[in-house]
Each structure stands twice: as C-alpha cells, then as structure tokens.
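Hi,

Here is the structure I said I would pass on. Have a look at it first, and my notes follow underneath.

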Amino acid sequence: MRILEQKKVPYQAHTYPHGGAAVDGLQVAQMLGQDPGQVFKTLITRGHSGEYCVFVIPVEKELDLKAAARAAGEKSVEMIPVKDINKVTGYVRGGCSPIGMKKQYRTVVDDSCQHWDTVIFSAGKIGYQVEVSPAELPQLCGATWAPITKNS
C-alpha cells in the first residue's frame with residue numbers, strides 16, 4: 001500500500017480474517033464477497049535459464065506451465081518450493097504480492113484481468129488485499145499480459 005501511495009495509484013484496501021496462516025484464494029474471494037475471477041494470486045517460478053518469473057492469475061484457475069514459459073520467453077518454468085518464497089520475494093506464502101518484491105522479476109498477468117475494471121491481489125501480508133485498475137500493473141511491476149491459465 002505504501003508503494004501504491006508513493007506512486008499515487010488509486011486503490012482500495014481489503015482485509016479478511018485469518019489465523020496467521022495462508023488462506024486459500026477461493027476462500028479469500030468468498031470472504032471478500034468478490035467474484036473469484038477478479039481475485040488474483042501471485043505464483044513464483046524458476047525458468048530454464050535460472051531466472052525467476054512471476055505469474056499473476058485468478059485464484060480459481062491453474063497456471064499452464066507451457067503457456068507461462070512461452071509468455072516469459074523461457075524454454076520451461078517450474079514452481080519454486082514454498083520454502084524459497086520468502087528468500088526470493090521477501091514475502092510469505094499467502095501474502096505474496098507482485099508489487100514490492102526484493103527484486104523486480106519478469107511478471108506476466110493472465111490476460112483475463114483486462115476484462116475487469118479492477119482486480120484484487122495480495123497487499124504483501126496475509127489478511128490484506130488491494131484492489132487496483134489492471135491498467136496500473138505495467139507501471140507498478142513491469143507486468144505484461146498473456147493467456148497463461150489452463151483452459152484460457
């Protein structure tokens with residue numbers, strides 16, 4: 001939220017109850033009373049080149065690894081182990097945001113985000129979400145759009 005404020009990006013903050021542990025994305029959408037297609041999760045992968053790649057997809061969808069690799073310009077990508085999320089991003093599982101990672105990685109957002117006036121994703125801490133216009137994502141995290149989910 002500090003980054004959004006620094007860049008003067010309009011946003012709406014959302015919170016949901018949690019027990020200090022990650023909550024399934026579908027449950028987050030339900031607790032927020034939002035369509036699961038509008039609530040996005042952040043996934044971290046490592047490409048064949050050894051570079052990390054960030055993919056942002058609706059919580060109700062599954063990442064298509066082949067489509068994701070093509071979109072990132074990689075031969076292949078694989079999910080990183082959960083234990084490495086904090087080391088790579090600075091965030092914990094369930095609180096990983098595409099904005100404000102330790103380092104700016106290639107970021108691809110599922111193109112379905114363009115069907116929404118706003119999208120919701122983690123604010124960088126479990127229990128906190130932000131809602132912004134998808135048009136802001138390239139400025140905020142260098143994101144590009146591509147169809148990267150299964151059956152998209």
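Right after helix 3 comes Gly 73, with a positive phi near 70°. Helices here are DSSP runs of H or I with at least four residues, strands are E runs of at least two, and both are numbered from the N terminus. Before going on: this is a predicted model, so I kept local features to pLDDT of at least 70 and side-chain atom pairs to pLDDT 80 or more, while totals for chains, interfaces and linings use all residues. Residues count from 1 along each chain as its sequence is written, and side-chain values use heavy atoms, with hydrogens and water left out.

Back to helix 3 (residues 65–72). Asp 64 caps its N-terminal end, with a side-chain oxygen 3.1 Å from the backbone nitrogen of Lys 66 (a polar contact is a pair of N or O atoms within 3.5 Å; within protein, one must be able to donate a hydrogen and the other to accept it, and residues adjacent in sequence count only if both atoms are side-chain atoms). Ala 67, Ala 68, Ala 69 and Ala 72 are the buried residues of helix 3, where buried means under 20% relative accessible area, exposed over 50% and partly exposed in between, using a 1.4 Å probe and protein chains only. Those buried residues pack against strand 3 (52–58), strand 4 (77–79) and strand 5 (106–110); contact means heavy atoms within 4.5 Å.

Those strands belong to an open five-stranded sheet, order 4-2-3-5-8, with mixed pairing. Two strands count as paired if DSSP finds at least two bridges between them. Strand 4 and strand 8 (144–146) are at the edges with a single partner strand each, so one side of each has no neighbour in the sheet. Strands 3 and 5 run parallel and are joined by four bridges, and Val 54 sits opposite Thr 107 in strand 5.

The other sheet I looked at is open too, with three strands in the order 1-7-6 and antiparallel pairing. Its edge strands are strand 1 (12–15) and strand 6 (119–122), each pairing on one side only. Strand 1 meets strand 7 (residues 128–132) over four bridges, with His 14 opposite Gln 129.

Helix 2 (residues 25–32) goes with this sheet: strand 1, strand 6 and strand 7 are among what covers its buried residues. In helix 2, Gly 25, Val 28, Ala 29 and Leu 32 are buried. They span an arc of only 100° around the axis, which puts them on the same side of helix 2 (the arc is that of the directions from the helix axis to the C-beta atoms). At the start of helix 2, a side-chain oxygen of Asp 24 comes within 2.9 Å of the backbone nitrogen of Leu 26, and just after the helix Gly 33 has a positive phi of about 70°.

As for the interior, the largest nonpolar core has 25 residues, and Leu 4, Phe 40, Ile 44, Met 101, Val 109, Phe 121 and Leu 137 have the most contacts inside it. A nonpolar core is a set of buried Ala, Val, Leu, Ile, Met, Phe, Trp, Tyr and Cys residues joined through side-chain atoms within 4.5 Å. Apart from this core lies another of 12 residues, including Leu 43, Cys 53, Ala 72 and Ala 146.

One last residue: Ala 135 lies in the loop between strand 7 and helix 5 (137–141). Ala 135 is exposed, with a relative accessible area of 59%.

Cheers
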